[in-house]
Amino acid sequence: MPILHLTGPLGTSISVDVAEERELLSVLRRYGRQGWTSGDIPAGGLSLPLAMADTFDWALIGARAYTSPDGEQAVIYKGQSYKRRELDEVDTKKIKLPRIVKYSRGARPTDPLHLKEGEEGGVQYVTLISFRGGGRVIEAYMDTAAVSK
């Protein structure tokens, strides 16, 4: 029987028995909608195909999407707000980068060094998730409500 180890928004830890492996994502979604997380995001953030940028199910990681009063899209994850940033494709002789949609926030002095991106002494960011490239869409990770919009 699979077991999910989760951490709540207030730091409480619990273990949840899941009857069958095929139920893992639905149980994770149910707890994730309440802010429970199943682990830490790796340095550089998660990486998924660009086609999932508008349909990813944030509950899978315990995050919640919202729109700021200024109309900016963002997500709340573990009490931190990550803003949506869209980086256009770059195609020059020196550099070629695909279009990227990423959710990131400004780094804080208390953030571990391995999570910080950017110039030391300059502006640094912590990335939660990046959507880039033409990889295969993972249907199990999609929010069915967002797909039907």
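Buried means under 20% relative accessible area, exposed over 50%, and partly exposed in between (1.4 Å probe, protein chains only). With that settled, here is a look at the salt bridges.

This is a predicted model, where local features need pLDDT of at least 70, side-chain atom pairs count only at pLDDT 80 or more, and totals for chains, interfaces and linings use all residues. Residues are numbered from 1 along each chain as its sequence is written, and side-chain values use heavy atoms, with hydrogens and water left out.

Searching the whole structure turns up 9 salt bridges, each a side-chain nitrogen of Lys or Arg within 4 Å of a carboxyl oxygen of Asp or Glu. Three of them, including their N to O distances, are in the table.

| Salt bridge | Closest N and O atoms |
|---|---|
| Glu-72 and Lys-83 | 3.0 Å |
| Glu-86 and Arg-84 | 2.9 Å |
| Glu-117 and Lys-102 | 3.7 Å |

Take Glu-72 and Lys-83, which pair up in a salt bridge. Glu-72 sits in the loop between β4 (64–67) and β5 (73–77) and Lys-83 in strand β6 (residues 80–87), so the pair ties together parts 11 residues apart in sequence. Strands here are DSSP runs (E, at least two), numbered from the N terminus. Glu-72 is partly exposed at 35%, and Lys-83 is partly exposed at 32%.

Glu-117, in strand β10 (residues 117–118), and Lys-102, in strand β9 (residues 100–106), are 15 residues apart in sequence. Glu-117 is partly exposed at 25% relative accessible area, while Lys-102 counts as buried at 15%. Elsewhere, Asp-54, Arg-84, Glu-86 and Arg-99 are joined into one network by salt bridges that share partners.

Definitions and conventions: Helices (H or I, at least four residues) and strands (E, at least two) are DSSP runs, numbered from the N terminus.
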